[in-house]
Amino acid sequence: MKIKFDSSQAYQQQAVAAFTGLFEGQPLNQGDFTVTINAQNQSVSNNLSLFAVELGAISNNIALHPDDIYKNLVSVQEHNDIEPISRAEFDKNGLNFSVEMETGTGKTYVYLRTIFELSQKYGFKKFVIVVPSVAIREGTLKNLEMTAEHFKSLYNNIEFEHFVYDSKKASRLRQFASKNILQIMVINIDAFRKDFSDSEDTKKSNVIFKESDTLSGRKPIEFVQATQPLVIIDEPQSVDNTPKAQEAIKALNPACILRFSATHKNPYNLVYKLDPVKAYELRLVKQIVVASVQGENAQNAAYIKLLEVDNKKGIRAKVRIQVQGNNEVKEKDIWVKQNDDLYLKSNERFMYKEGFQVLEISAEPDNSYIDFNSGRIMLGQEQGGIKEDIASVQIERTIRKHLDKELQLKDKGIKVLSLFFIDKVANYRIYDEEGKAQKGKFAQQFEDHYNRLIALPQYKALGLHPVETLHNGYFSADKKGVLKDTNGSTQADDDTYSLIMREKEKLLSMDTPLKFIFSHSALREGWDNPNVFQICTLNETQSVTKKRQEIGRGLRLPVNKDGVRVFDDTINKLTIIANESYDAFAASLQKEYEEDCGVTFGKVPVHAFKNLVTMVEGEEKAFDTEQTQQVFAELVKSGILDKNGKITDKFTPSKQGFTLGLSADFAPQESAVIEVLQSYELSRHIRKDEEPKRMRLNKQVFLDPDFEILWEKIKYKTTYNVKYETADLIKVCANAIRIMSKIEAVKVVYREDSVSVEVKGVTTTNIRNQDVNIEYTGSLPDMLAYLQKQTELTRRTLVEIIKQSGRIAEFAINPQRFMDEVATIIKKELHKLMINGIEYEKLTVGETYYRMGLFEDDDLKEYFEQCIRVQKSVFETIPYDSEIERKFAEVLDEREDIKLFVKLPSWFKIETPIGTYNPDWAIVKKGDEKLYLVRETKGDTFKAKGGRAGEAEKIHCGRKHFEALSVDFEVVSSASAI
């Protein structure tokens, strides 16, 4: 099977548009038309260009003046709700631009699509992707292979080549420089970090900095420099995080640098931000569920673990033991030397009285140990306690969760995978005296538990498979093929990463029996798969592994057997089976979010309320800075927030009669403010595992004649068409163009550089700079052809729009800027007219309606969300995502005039031009006559500017759909509005 990529994901398009927006005004791809700028009376001497010609290189050229790029940057930041930076900060950062995207949201897809978008629109052809590790390099290569056909179909069958830089094939860089098609090179930072060209020790340099006979005595790096590549840095916090690495990036001579990460240390010129809060609110990643396995009262045997051995202050060892305290026993790390007695060190715990005197400590590398008079313990080993039992229980619980998930997804064509992280390969696979592989303790425990569980009656429907085909491990091996522990960055890891990424799609196939993956913790960055639903952390050394890195392997949304991404909140849960408490896990994860992303769950920034709106003369108006600050101040005054914005214990929205205590000015926005506060709670992203709540059909309501009548009214599917008057389109577009910003003349930087080709490589020295205002004297491009391509409107319509706008004279001043601005305006106004002019018709052919029987199919279906018990609905419980929905269901269930109601299931969808729409509620209301209603619940005048893209437009389409069915549809903020 092949994973299918959805090119219409709005948040990904916004991230790509952030970069293309930086270059607005840059002459378009020369293949579309030719723009000639004549700088009269200027003699431009650019030795770097001469150098490129000498090497036969085709290079990128950013023609925009820094003033224009800065204006574009500010515009992009304002559009994406990012505080615009100052000009001084922009000058300091240079042409470095950053996108922050949470793990699992398609960061690699976004930067690959950015490459194709920039190439097609502006003609940039040379790109270098710099990665921090072999693992990410292999992942990038796999993504390039997987998306090749997808991008060709999106970008008019664009011709391109991609390759991984190989020091043994450095001559490939000549082709990279000289070919006149899109070239994408992927390179590991370690391949060009070492440059000793200006020292006597040149042999230590990477091959890329050494003269090559196959390149006519040139250095490979010179061919990259001559192209002035656009450099993409994947995970910059791990790439250019040292002075040497920063020098290495400069050595590429980049035209500009585009940075992509979830955890920027220095977000230079940030253009787009999708942090963990927003990613979860948009349902772009799985929700994290934590199931903890811990030992209690395990203090009846002597516990000891050897943590560390050193000889810095004499030979000594650090051990973890259990120490008697005041009325309790605690684990403690202590240093011991020869002849020390653990009985004394433990405050005379009886368990250590015999056999725990230190006889010898060995600090020999790869052979460190302590000899007690009761036996030897090697470095990293432990004895006593119940660690072994905890691991066994974790494995059993992971298998059980996996099988439950398979039952839930059995008829949906979604393969379930589980991932186990372990510290030592020997725990999974060992070798006998003849060197033959044998099962380690975890492998044996897995098979024992699986065989027992699959025989239980509830799992009978899943079928039987040979257990040995269901699990496998991905580990690095030495030259003899023996598996070994590594840190994830050695040469031995290369083949392992390659294997992992090659099998990524294979593992998603139902025909592949492998479902349970055991991986060394060092490989956590090298393997991820969208269909991982369980992660079991069997790591014995918790401190060396970052939780976000581990859980990141399973955050991506799953795909079905056809490779189509699945957006279903009832399915998209990632369960972590951890060897620590939920509180400890959540606290540790919280700390990492704070350190890595600057996101503190439970702490609400003032700007969080900037998307609230109020009604002014019948129109929505966004809150200004003063109103945002006033809301924050009122919440602090009422004790809902502390002075630092931390949510306090007073915030209990589920409590009967709860109120925020807002003043009359902001009381209408109370529900919206509650939603904002809830979005910053860690529990929205990560929650404790509990027994799954089940939805059971309420037969009394389901068989009620009124429900049958209600369903008969709303069950039909529709088709839509779009109608609008061309005259209206011309009028609104012309008006919008008439008031657009003034089109400024092109400004370029004239510069002279002295270029030297020295032992160290190519160096440039700027000797003259001058800003030049350019009068455009070239032939004018075919504006109508360009606008037709961008908008798909007729030439006659476009002529009328331009003519009525009265701005045609500015076309000659700066043709490219004029066309870009006009195209953007026309597309925006056309989109509005299309949505407003949409009409629906009831389907009469094919599958024309949703069967009532689908509700019975949902009976006993698992839901992990919070649920509320009700009596008047089709199901005995209703899951809810927000406090508005909970209160809505609660009030409807209590009201005497409400006969019955139903939360419309996820499979009840209405087609719209911008994706499917799932309305909220269907209701039967008693009165003089029964009313059959459909209602959408939204917060009071809350406008989710950062929320799900196009939601308001989808609701508008939903309204038109129900009009076609003669069904009453409205948007309400509370049950009192019904």
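Which residues have the most contacts inside the largest nonpolar core? The points below take up this matter and then the sheets and helices.

1. The model under review is predicted. Its protein chain has 978 residues, of which 53% count as buried. The secondary structure amounts to 28 helices and 41 strands. When contacts between residues at least 6 apart in sequence are considered, 72% of them join residues at least 24 apart.

2. The largest nonpolar core comprises 105 residues, and those with the most contacts inside it are Val271, Phe609, Leu635, Leu660 and Leu677. The element that gives the most to this core is helix α5 (residues 107–122), with eight residues. A second core, separate from it, has 33 residues, including Phe707, Phe875, Val902 and Cys957. In soluble globular proteins, nonpolar side chains tend to be buried together.

3. Val271 merits individual attention. Leaving aside residues up to four places away in sequence, Val271 touches Ala18, Phe19, Leu22, Leu73, Val76, Asn80, Ile82, Phe97, Ser98 and Val99.

4. One open sheet consists of four strands in the order β11-β10-β9-β15, and the pairing is antiparallel. At its edges stand β11 (329–336) and β15, each with a single partner strand, so one side of each is left without a neighbour in the sheet. Strand β9 (residues 304–310) is mostly covered, with five of its seven residues buried.

5. The two pairings of β9 can be described residue by residue. With strand β10 (residues 316–324), β9 is joined by six bridges in the antiparallel sense, and Val309 has Ala317 as its bridge partner in β10. The hairpin of β9 and β10 has five residues between the strands, and Gly314 in this hairpin adopts a positive phi near 85 degrees. With strand β15 (residues 382–383), β9 is joined by two bridges, again antiparallel. Here Ile304 has Gln383 as its bridge partner, and Lys305 stands opposite Glu382.

6. A further open sheet is built of seven strands with parallel pairing, in the order β19-β22-β16-β23-β24-β8-β27. Its edge strands, β19 (471–474) and β27 (686–688), each pair on one side only. On average, neighbouring strands of this sheet are turned by 25 degrees against each other, direction ignored.

7. At the β19 edge, four bridges link β19 to strand β22 (residues 516–520) in the parallel sense. Within this pair, His471 stands opposite Phe516 in β22. Helix α14 (residues 441–454) packs on the sheet, where it touches β16 (417–422), β19 and β22; the direction of α14 makes about 165 degrees with that of β22.

8. How far apart are the end C-alpha atoms of helix α18 (residues 625–637)? At 1.5 Å a residue, the 13 residues of α18 should span 18 Å, and the end C-alpha atoms are 18 Å apart, which agrees.

9. The buried residues of α18 are Thr628, Val631, Phe632, Glu634 and Leu635. Viewed down the axis of α18, these buried residues fall within an arc of 160 degrees, so they line one face of the helix. They pack against α19 (670–679). The face of α18 turned away from the buried side carries Thr625, Glu626 and Lys637, which are exposed. One of the buried residues, Leu635, is also among those with the most contacts inside the largest nonpolar core.

10. Is Ile647, in the loop between α18 and α19, buried or exposed? Ile647 has a relative accessible area of 17%, and it therefore counts as buried, the limit being under 20%. Leaving aside residues up to four places away in sequence, Ile647 touches Gly602, Val604, Ile640, Leu641, Leu677 and Glu681. Of these contacts, Leu677 is one of the residues with the most contacts inside the largest nonpolar core. The C-alpha atoms of Ile647 and Gln678 are separated by 9.4 Å, although the two residues lie 31 residues apart along the chain.

Notes: Residues are numbered from 1 along each chain as its sequence is written. This is a predicted model: local features need pLDDT of at least 70, side-chain atom pairs count only at pLDDT 80 or more; totals for chains, interfaces and linings use all residues. Side-chain values use heavy atoms; hydrogens and water are left out. A nonpolar core is a set of buried Ala, Val, Leu, Ile, Met, Phe, Trp, Tyr and Cys residues joined through side-chain atoms within 4.5 Å. Buried means under 20% relative accessible area, exposed over 50%, partly exposed in between (1.4 Å probe, protein chains only). Contact means heavy atoms within 4.5 Å. Two strands pair if DSSP finds at least two bridges between them. Axes are lines fitted to C-alpha atoms, for helices over the stretch in contact, and angles run from 0 to 180 degrees between N-to-C directions. The expected span of a helix is 1.5 Å times one less than its number of residues. The arc is that of the directions from the helix axis to the C-beta atoms.
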